[in-house]
Amino acid sequence: MTVDAADPLAANLARWNARAEIHMADRTGFYDVEGVVAGTRTFEGVSDADLGPVEGLRIAHVQCHFGLDSLILARKGAVVEGLDFSPVAIEGARALAAQTGLPATFHLGDAMRAAEVMGAGRFDMVFVTWGTICWLPDVFAWGAQVAALLKPGGRLFFRDGHPAAQALDPVDGRLVPCFDWRTAREAPLRFEEETTYTGDADALPPVADHEWIHPVSDIVMALLRAGLRLDGIEEHDFLVWDMWPGVTERGEDGLWRLPPGQVRVPLSLTVRASRPA
Ligand SMILES: C[S@@+](CC[C@H](N)C(=O)[O-])C[C@H]1O[C@@H](n2cnc3c(N)ncnc32)[C@H](O)[C@@H]1O
């Protein structure tokens, strides 16, 4: 596959297509795909109480990867539509939906055009979790699109890495600020890991991942400007991935936290918002 390394989203797409192949094969068991298919595994880092009742709801799952959380939502009684820009991931999600017979359908498209692709005003809930807006150059476009997906009275559940944590990296075992608190649209951060985060050894395409840090104020204002009401905001001390290997520690609940001795920063963020009825 040839990739235009000068086009950040094209480079990201090539990397996500390759990751989707590797993740679906699940050779390291990182995603426990078998558990999702069998119905024995639920979300990571999101409880039923966090999410509230979903039975009977039509849910848009934006940046659904290959649909594992979409299937978990469907097994809880929701009718789910996932969206992702990776055709490899979407094809995999459709295959898993067919294999399980769960009510989940999938759209190929950019998250910053989600409502154009999935249809405006159709959803009771938009679900966006773990590893999402850092891939998007324009969080205001994202906010407008997720807001447009909702019916009046519909709600957004957003949980992802905290921008305060994203600005840090370890230096000599201590976390220090290494990145600006807000990433300019035209100057994304570039990361060049050769392999994906699941422990698989397969090489990713030799281009960079391009990522953006969006401050909390931009995330919230994107939703408010799009006409949503802010229902809640929470900061958490956990993540579902090992953000800084050798620094973060995994608890018995499977979540990653900072050990004593490290400066305490929020590692993740939940924003709840809704479209006024
Ligand atoms: C870390 S995964 C998200 C995991 C996901 N939240 C889940 O439910 O498992 C990031 C996903 O974002 C997708 N993605 C990245 N940039 C995108 C964009 N501009 N539009 C739509 N999807 C995008 C990738 O293809 C990938 O599937």
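1. Let's start at the ligand. Helix H1 gives the largest share of the shell around the ligand, three residues. H1 covers residues 8-25, and helix H4 (68-75) joins it as an element that supplies at least two residues of that shell. Keep in mind, as you read on, that this is a predicted model.

2. Which residues come nearest to the ligand? They are Trp16, His65, Phe85, Gly131 and Trp135, out of the 20 residues around the ligand. Sorted by class, the shell has ten nonpolar, seven polar and three charged residues.

3. His65 deserves a second look. This residue is found in the loop between S1 and H4, and its phi is near 55 degrees, a positive value in a residue other than glycine. Is His65 buried or exposed? With 24 other C-beta atoms within 10 Å, His65 is buried, because 20 or more is the cut-off for that label.

4. Now find the sheet. It is open and has seven strands in the order S3-S2-S1-S4-S5-S13-S10, with mixed pairing. Strands S3 (104-108) and S10 (229-236) stand at the edges; each has a single partner strand, so one side of each lacks a neighbour in the sheet. From one strand to the next, the twist averages 15 degrees. A little background helps here: strands of a sheet pair through backbone hydrogen bonds, either parallel or antiparallel.

5. Zoom in on one edge. S3 pairs with strand S2 (residues 79-84) in the parallel sense, over five bridges. One pair to look for is Gly82 with its bridge partner Phe106 in S3. Helix H5 (residues 87-100) packs on the sheet and touches S2 and S3, with a direction that makes about 165 degrees with that of S3. Helix H9 (residues 216-225) also packs on the sheet, where it touches strand S5 (150-161), S10 and strand S13 (268-274), and its direction makes about 15 degrees with that of S13.

6. There is a neat hairpin to trace as well. Strands S6 (residues 168-171) and S7 (residues 174-177) pair in the antiparallel sense over four bridges, and Val171 stands opposite Arg174 in S7. Two residues lie between the strands of this hairpin, where Asp172 takes a positive phi near 50 degrees.

7. Why is helix H7 (residues 139-149) described as largely enclosed by the rest of the structure? Eight of its eleven residues are buried, so the surroundings largely close around H7. Among those buried are Trp142, Val146 and Leu149. The cover over the buried residues of H7 includes strand S1 (58-62), helix H6 (114-118), strand S4 (123-129), S5 and H9.

8. H7 also leads us to the largest nonpolar core. Of its 72 residues, Ile59, Leu71, Val126, Val146, Leu149 and Leu156 touch the most other members. Try following Val126: leaving aside neighbours within four places in sequence, Val126 is in contact with Ala60, Val62, Val146, Leu149, Leu150 and Leu156.

9. Finally, two loop residues to click on. Gly109 sits in the loop between S3 and H6 and is partly exposed, with 18 other C-beta atoms within 10 Å. Not counting residues up to four places away in sequence, Gly109 touches Leu83, Phe85, Ala114 and Val117. Asp32 lies in the loop between H1 and helix H2 (33-38). Although Asp32 is not a glycine, its phi is positive, at about 45 degrees. Asp32 counts as partly exposed, with 14 C-beta neighbours inside 10 Å.

Technical notes. Residues numbered from 1 in each chain as written. Predicted model: local features only at pLDDT ≥ 70, side-chain atom pairs only at ≥ 80, totals over all residues. Pairing = 2+ DSSP bridges. Axes fitted to C-alpha atoms, helices over the stretch in contact; angles between N-to-C directions. Contact = placed C-beta atoms within 7 Å. Near = placed C-beta within 6 Å. Nonpolar A, V, L, I, M, F, W, Y, C, P; charged D, E, K, R; others polar. Buried ≥ 20, exposed ≤ 12 C-beta atoms within 10 Å, placed from the backbone. Core = buried A, V, L, I, M, F, W, Y, C linked by C-beta atoms within 7 Å.
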